[in-house]
Amino acid sequence: MPIATVNPATGELIEEFAAHTREQVGQRLTRAEAAAATLRATDFDTRARWMRAAADLVEADAARTARMLTIEMGKPIAQARAEVLKCARAMRFYADNAESLLADQPLADPSTVNASVAYTCYAPLGVVLAVMPWNYPMWQVIRFAAPALMAGNVGLLKHASNVPQTAMYLDTLFERAGFPAGSFQTLLIGAADVEAVLRDRRVAAATLTGSEPAGRSVAAVAGSEVKKVVLELGGSDPFIVLPSADVRAAARTAIAARTLNNGQSCIAAKRFIVHTEVYDEFVEAFVAGTKALTVGDPLDEETEIGPIATRSGRRELVELVDDAVAKGAVLRCGGSAVGTEGWFFEPAVLEEVTPAMRVYREEAFGPLAVVHRVDGIEQAAALANDTTFGLSSSVWTTDPDEERFLISSLETGAVFVNGMTVSYPELPFGGVKDSGIGRELAAEGIREFCNLKTIWKG
Ligand SMILES: O=CCCC(=O)O
């Protein structure tokens with residue numbers, strides 16, 4: 001796959017990049033190793049100063065980078081701006097909090113382990129390889145880089161091949177802000193070259209956000225090298241609506257939860273599981289709202305849905321719809337490729353989906369919603385859990401017993417009650433089952449790439 005920016009709204013090739021040679025990759029690894037030694041010796045205040053300077057740059061560059069994101073992967077420009085500003089927020093969060101999140105933890109009574117003092121402390125691991133996806137081309141990288149650098153680690157980025165301009169912007173960002181040269185670098189390499197980098201003795205650990213097969217393959221290599229790995233893979237998140245809920249509010253939020261980022265988000269709600277008592281009311285509002293969405297040029301401020309990021313991604317969506325309809329699903333709206341140029345897809349809603357259909361099990365990575373009717377809360381939870389994924393979930397109820405039941409029954413990394421799933425720097429993010437291993441963001445995210453040292457003094 002070429003490393004190139006191709007505008008998904010037009011199909012036009014904007015810029016192609018030459019892949020780094022083996023020598024260039026080697027030089028970058030050498031620089032990363034040297035930076036790891038330098039960064040490890042700096043204190044939190046110094047790193048926080050650099051991180052705040054990087055956040056200032058991100059904010060100052062926001063108009064230009066938002067446009068770059070939209071041209072590279074098609075998200076509506078307002079959402080691109082929001083993504084960029086969220087990056088700055090996460091950078092400031094870790095600048096402000098890294099030191100306390102990584103503070104030493106003393107054992108209250110060291111005599112229980114025959115010590116005069118016993119405590120744990122966090123040390124950086126060194127060089128961490130980040131394999132990142134195109135769907136949030138800045139945010140996915142920053143939510144790794146901000147905690148990693150604040151912990152004293154160094155980052156090497158292998159970004160998706162369709163967002164090289166963003167990758168190269170990130171390549172210089174941290175050095176421009178004052179971090180030592182080599183603290184964060186992009187490797188312009190293909191997927192086939194990741195293994196050699198990960199096996200390199202200078203790389204201590206890896207993180208991957210992306211597809212389940214990519215995650216399995218990176219985890220297999222990291223496992224064979226006994227290197228730490230964090231994986232944030234796909235999701236097919238349930239969105240459960242029960243009769244006690246505000247059904248209108250649920251339907252309004254459901255549209256945003258399914259179509260944000262052109263529906264290309266791991267935490268998008270993908271399966272809408274609705275109690276029969278409120279099913280018709282929900283579906284009418286959901287379908288009407290989905291039909292009313294403005295699909296078009298993502299650089300236009302009024303656009304709500306831009307193109308799918310790749311031609312193959314759009315083909316996948318059309319195939320999922322066609323397969324479901326051929327097997328008896330009811331298509332309430334959309335579901336086709338639209339426009340004469342670019343990779344636009346009409347937002348779609350499917351009903352009467354059965355396990356025989358691909359869309360029942362596969363992650364629909366685009367604005368394609370599946371609505372299921374259920375008779376009760378147990379059936380809702382069972383259907384929600386009938387997936388290999390376990391990223392997040394959204395539940396709509398005002399009954400405290402129902403809320404408790406769903407929080408305890410859902411096999412997901414998060415449960416959002418009466419709201420859509422959103423990632424926040426302050427909250428841990430990650431999944432169970434095939435959705436991944438480990439957590440990003442919050443305290444857990446910064447601790448993932450640390451060596452938790454136990455200190456014992458006699
Ligand atoms: O694609 C998954 C991550 C999306 C997010 O953090 O908002």
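Helices (H or I, at least four residues) and strands (E, at least two) here are DSSP runs, counted off from the N terminus. Keep that in mind for the views below, which all come from a predicted model.

**View 1. The annotated domain, end to end.** UniProt, in an unreviewed entry, lists residues 3-455 as "domain: Aldehyde dehydrogenase". In the model, the C-alpha atoms at the two ends of that span sit 46 Å apart. Helix makes up 42% of the span and strand 19%.

**View 2. A six-stranded open sheet.** Reading across, the strands come in the order 7-6-5-8-9-19, and their pairing is mixed. Strand 7 (184-186) and strand 19 (436-437) are the edges, each with pairing on one side only. Zoom in on strand 5 (residues 127-131) and strand 8 (residues 203-209): these two run parallel and are joined by five bridges. If you want one pair to look for, take L129, whose bridge partner in strand 8 is A206.

**View 3. Helices against the six-stranded sheet.** Helix 8 (residues 212-224) packs on this sheet, where it touches strand 8 and strand 9 (228-232). The directions of helix 8 and strand 9 make an angle of about 175°. Helix 6 (residues 164-176) lies across strand 6 (154-158) and strand 7, and it runs at about 160° to strand 7.

**View 4. The ligand and its neighbours.** Around the ligand you'll find N135, Y136, W139, Q140, R143, S265, C266, I267 and S423. Three of these side chains are worth a closer look for their distances to ligand oxygen atoms. For S423, a side-chain N or O atom is 2.6 Å from a ligand oxygen. R143 puts a polar side-chain atom 2.8 Å from an oxygen atom of the ligand, and for Q140 the corresponding distance is 3.3 Å. On its own the ligand would expose 240 Å², and the protein buries 96% of that.

**View 5. A seven-stranded open sheet.** Here the strand order is 12-15-16-11-10-17-18, again with mixed pairing. The edges are strand 12 (330-333) and strand 18 (416-417), each paired on one side only. Strand 11 (residues 269-275) and strand 16 (residues 368-374) run parallel, with five bridges between them. Within that pairing, R271 has V370 of strand 16 as its bridge partner.

**View 6. Helix 11 over the seven-stranded sheet.** Helix 11 (residues 311-326) lies across three strands: strand 12, strand 15 (348-351) and strand 16. Compared with strand 16, helix 11 runs at about 35°.

Methods
Residues are numbered from 1 along each chain as its sequence is written. This is a predicted model: local features need pLDDT of at least 70, side-chain atom pairs count only at pLDDT 80 or more; totals for chains, interfaces and linings use all residues. Side-chain values use heavy atoms; hydrogens and water are left out. Two strands pair if DSSP finds at least two bridges between them. Contact means heavy atoms within 4.5 Å. Axes are lines fitted to C-alpha atoms, for helices over the stretch in contact, and angles run from 0 to 180 degrees between N-to-C directions. A residue is near a molecule or strand if one of its heavy atoms lies within 4 Å of it. A polar contact is a pair of N or O atoms within 3.5 Å; within protein, one must be able to donate a hydrogen and the other to accept it, and residues adjacent in sequence count only if both atoms are side-chain atoms. Accessible areas come from the Shrake-Rupley method with a 1.4 Å probe; for residues, only the protein chains shown count as cover. UniProt positions are given in the numbering used here, feature names are shortened, and annotations may be inferred rather than shown by experiment.
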